[in-house]
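Please find below a short note with numbered points on helix packing, strand pairing and salt bridges.

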Amino acid sequence: MLLAAGSAATLQTFNAVTKGAHILTRSVLSCVRNAPSWSTPSLRKPTPFPDADAVCPDTIGGMIRDLGAALERADAHRATSLALIAHRARAPVLDAAALVALRKACKVEIEAQNGGRMPEIQRMRLQALHDHARLGLQPVRIAQSHRRWCVRLKPMSAPGAQRSTSFGCSARAGVGLTMAGTGATAGLSVGAQSGSKSSCFETLEYARGRHHVISAEVSADAQLAPGTAAGAGLTASVEYTRYDGAASIHDYAAFRARRSVATPRRSRAAQRLLSVVSLGRATPHDRVAHAARAALRWAPLMPTLVSCGGDNSPPFAALTQDALVPSPAPLLDVGIRTRTISMQAAADAIVANAGISAARSRLRVEIDVPLWLCDLDLDPVQRGALAWQLRERITAGLGSHAKRFSALQVDDGHAGAAREEALQRVQTEFQCLQSLLLEQQRGIDKRQLKHVLARTCADWNCRTPQQALARMLELVNWLWLVMPADQRSAAQALAATVRDSPVLRQDAASLRPLYAHQALQQFIRTDTMAVHGGASQPMAGAGTTDVTISVSRSHQRNYNALRDGRYVEARITLTGATSTDTILTLLQQRLPDASLAAETRHELMRVLGDAGALSLAGTTAVTVGVRFFRPSFQDDVRFPTAARGLHLQQITVRGASTFSVDGRLPITGVPLASLGLGARLQHARHTALHADVFCSATLTASLLRYQCLIGQRMAPAQAWKKMLDAHGSSLTRLAHRMADKTSSARAEAHHWLPPPPLAAGHDADGLITTAGTLEPGLAGLHALFDALLPPLAEAQRLSPLCHPIALGGTQLRSTRL
């Protein structure tokens, strides 16, 4: 062991207690000397899932075909069943159907030959073939699930798209007086609602979570005359939304696809039930990791299984880690708290209504970004700070076993060689622990293996193997931080091996403490004034219509310089609504008394108009928004005074639809007072009816969208093609404005371009001038955008709202309501 002198004794004990066990146990014990090649993979690279019609990875497919060929060659009795299995294993295309059929055939044959005359090695080949077919089936099923999720989430891929379903309860108490057709009432109502919400934000991140709202309202209404009323109210509310998000719809679909295959819904339900019944948290059952562990147990025996003695067997290709499904990508943890206070007044006449409202809201956004430490590009200051944090954590965790680790902290002439040797020892320790855990799953010599595992974990001052694996990963991360740049590749590869290992729990709760974290914050203050008017009576026999004009002024503090500043947005909303109350009014006005029997008419009116009955309502709205933006970087003394001010940024067209079911239960018997309870179930959907139109007065909107596409790990050429497809006319107008030396967009580009010399020998004026030419594909504007991204990223890193990367592991705590 790296940190204790008991490694040799531990391995000797393990070899002693397992002597005479099954041949598989003896083979696995040699893994420390002959580690499988998958333990030292190449650096992990994010690769997209294959399409739904993809086959299993080539490495696994090759091993399945090798096992099938060996099974056929060694079949001395020429059994028909084994020949069929071998034929299926050597199929040119191993898709989902072929792999399922192969697994089933192997399972049936093993059960049929249980206790029979089949040679032991043939039975082992069948079992290995079954396990490798199950391993190859996992990425195929994930690809199929990923495609289904992408199709399901496609309507949510446009910025501004949102769906929510909520259930709420309310209570109201009021007093009123009515006399001769006039009267007045005053009341207080409180309510709470909770539900699910999914959103695609302006920066293209997709998130899904839950929201909770608490509200209170004080209102007063007056009946001035028959058919004429007026009212006013004051409302205060607090909303908290907790999201799990991803940089794109594709990334979120990949996460959900892997989870749906690894832990189906029924498995998660059973896990939650066990966690309630048992005192400890139930161990999550990961089908993907279970299949990988089952296949990796055969790694030491695979050269023997695929060969048949002295025949000319093809060379064996070992299973590589690239063939395994990697650990799930971490999701963003987003918390949004909104406090709103609003005042409204309205008047309703016989055929028309009008109203005015004013609202002030405060919105706070906290984003916790989990990151794999060894995948980051850190500067020396960040690297030193993180190394200090990890050193303190490892020293505290190892306790009395930290003597050898303390020797690695000395920066002398021998530090480099000592740390490389330490990294090799950690790799050996990891391979040994992994092999022990794989053999434990087989169920052979559980008592002896438990004793050896306890000794191994004690060497790392841990109680469980999962804690030991986490501590190994911490030590590898520390070595990666303190090693020179030319020696970090080995540590980076070992860190990827540990975190993707199937013996490490791959659920989100277990992986989160292993991440590094970066906290981001946003603050938005918004004041809104709105007026509305419409028809009070149903029009065209359908429902009421309403037109709302609103103006919002907001100040946003954001870590992204392209979003930090002041906004003014004007919206025009056309709303159509219908409900059972509207249908009741329509029937009362247009249904002749003689058209229906008296009993039928009375029953219909009672069902629709009873105060305690359910009522249905639906609305559809179309909103056109025009946004003006004044970025905060205009306050820089270097920014031209003539180019400062609010500039038209973008125009949006959004659609919204809601459907709700309301229940009302009045409480009677209190003189001059009205008491009641209510409940509501509501589903709302917001969509983008047209692609956003980016205006040429400022480049902030276009550049922000391109920056977000690059943030989704798109290649620059692919991101630019997507920009041209969706916003080609907007980019053409922006290129025209870049040719104008007095335009504000040109001044913004000058402000963010780094000082000379630029890449490829261009100066700022030359690059901007080239951007103003209408070259094929607007190549000049594309080059300008690429040149602007590095300084914007540096400004974001230096923002006080972008906190330094730090170690951690806990999710954001819910804000107190």
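1. The axes of helix 6 (residues 120–153) and helix 7 (residues 249–262) come within 8 Å and cross at roughly 135 degrees. Helix 6 is therefore oblique to helix 7. Axes are lines fitted to C-alpha atoms over the stretch in contact, with angles from 0 to 180 degrees between N-to-C directions; under 35 degrees counts as roughly parallel, over 145 as roughly antiparallel, 65 to 115 as roughly perpendicular and the rest as oblique. Helices (H or I, at least four residues) and strands (E, at least two) are DSSP runs numbered from the N terminus.

2. This is a predicted model, in which local features need pLDDT of at least 70, side-chain atom pairs count only at pLDDT 80 or more, and totals for chains, interfaces and linings use all residues. Residues are numbered from 1 along each chain as its sequence is written, and side-chain values use heavy atoms, with hydrogens and water left out.

3. Among the residues in contact (heavy atoms within 4.5 Å) are Trp 149 and Leu 153 in helix 6 and Tyr 252 and Arg 256 in helix 7. The residues of this contact divide into 10 nonpolar, five polar and three charged; Ala, Val, Leu, Ile, Met, Phe, Trp, Tyr, Cys and Pro count as nonpolar, Asp, Glu, Lys and Arg as charged, and the others, Gly among them, as polar.

4. Strand 11 (residues 647–667) pairs in the antiparallel sense with strand 10 (residues 614–631) over 16 bridges, and also in the antiparallel sense with strand 12 (residues 673–694) over 17 bridges. Pairing requires at least two DSSP bridges between two strands. Thr 658 in strand 11 is the bridge partner of Thr 619, while Phe 659 stands opposite His 683 in strand 12.

5. The structure holds 24 salt bridges, each a side-chain nitrogen of Lys or Arg within 4 Å of a carboxyl oxygen of Asp or Glu. One of them joins Asp 131 and Arg 134 (3.9 Å, N to O). Because Asp 131 and Arg 134 are three residues apart in helix 6, about one helical turn separates them.
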